[in-house]
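This briefing sets out, topic by topic, what can be read from the model shown below. Please keep the sequence and the structure at hand while reading.

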Amino acid sequence: MAHAARYAEDWGLVGHEDAVASLRHALESDRLSHAYLLSGPEGCGKATLAIRIAQALNCEAEERPCLDCPGCRRVAAGEVPDVERVMPGGVCDENSHDHAS
């Protein structure tokens, strides 16, 4: 468990040790799933974990995500066209119409 806690800390997360350890193992063994569903209450770190996964996939360093290379910085800045944050209501940020239809 000490390694799992260090991995979560390296990813800039508090908690989520098991999730980070599992994702890190999947990255290292090149066995990522095609999709991950992150759920939980507001403010628990879902968006941060999702960003870290994207950073790990775009990272140029040996230890992924390094959070400092150009790939990691581009993801954090929202400058990677293949990384899009989807939230309730979809990706549209227009509030003038009903997103449920």
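**Overview and main features**

Tyr36 is placed in the loop between α2 and α3, the latter covering residues 46–58. The model is a predicted one, and its protein chain comes to four helices and zero strands, which follow one another along the sequence in the pattern α-α-α-α.

**The chain as a whole**

- Of the 101 residues in the protein chain, 24% are buried.
- Among the contacts in the protein chain with a separation of 6 or more, 34% are accounted for by residues 24 or more positions apart.
- The protein chain exposes about 7,300 Å², and carbon and sulfur atoms supply 50% of that area.

**Helix α2 and its two sides**

- Helix α2, formed by residues 17–28, has twelve residues and reaches 16 Å from its first C-alpha to its last, which is close to the 16 Å expected at 1.5 Å a residue.
- The buried residues in α2 are Val20, Leu23, Arg24, Ala26 and Leu27; because they cover an arc of only 160° around the axis, they are on the same side of α2.
- An α-helix has 3.6 residues a turn, so residues three or four places apart point the same way.
- Asp18, His25 and Glu28, by contrast, are exposed on the other side of α2.

**The loop between α2 and α3**

- Asp30, which follows α2, is found in the loop between α2 and α3, and its phi is near 55°, a positive value in a residue other than glycine.
- Asp30 counts as exposed because its relative accessibility is 71%, where the cut-off for exposed is over 50%.
- Tyr36, in the loop between α2 and α3, counts as partly exposed at 39% relative accessibility.
- Together with Leu32 and Leu57, Tyr36 makes a nonpolar surface patch of about 260 Å².

**Arg52 and the loop between α3 and α4**

- Arg52, placed in helix α3, has a relative accessible area of 16% and is therefore buried, the cut-off being under 20%.
- Not counting residues up to four places away in sequence, Arg52 touches Trp11, Gly12, Pro65 and Leu67.
- One of these partners, Pro65, lies in the loop between α3 and α4 and is joined to Arg64 by a cis peptide bond, with omega at about -10°.
- Another partner, Leu67, is also placed in the loop between α3 and α4 and has a positive phi of about 70° although it is not a glycine.
- With a relative accessible area of 30%, Leu67 is partly exposed, whereas Arg52, which touches Leu67, is buried.

**Arg74 in helix α4**

- Arg74 is found in helix α4, which is made up of residues 70–76, and counts as partly exposed at 36% relative accessibility.
- Leaving aside its neighbours within four places in sequence, Arg74 is in contact with Glu60, Glu79 and Val80.
- Arg74 and Gln55 are 19 residues apart in sequence, while their C-alpha atoms are 8.4 Å apart in space.

Methods. Residues are numbered from 1 along each chain as its sequence is written. This is a predicted model: local features need pLDDT of at least 70, side-chain atom pairs count only at pLDDT 80 or more; totals for chains, interfaces and linings use all residues. Side-chain values use heavy atoms; hydrogens and water are left out. Helices (H or I, at least four residues) and strands (E, at least two) are DSSP runs, numbered from the N terminus. The expected span of a helix is 1.5 Å times one less than its number of residues. Buried means under 20% relative accessible area, exposed over 50%, partly exposed in between (1.4 Å probe, protein chains only). The arc is that of the directions from the helix axis to the C-beta atoms. Patches are made of residues with over 30% relative accessible area and no salt bridge: like charges are joined within 9 Å, nonpolar side chains (Val, Leu, Ile, Met, Phe, Trp, Tyr) within 5 Å. Accessible areas come from the Shrake-Rupley method with a 1.4 Å probe; for residues, only the protein chains shown count as cover. A salt bridge is a side-chain nitrogen of Lys or Arg within 4 Å of a carboxyl oxygen of Asp or Glu. Contact means heavy atoms within 4.5 Å.
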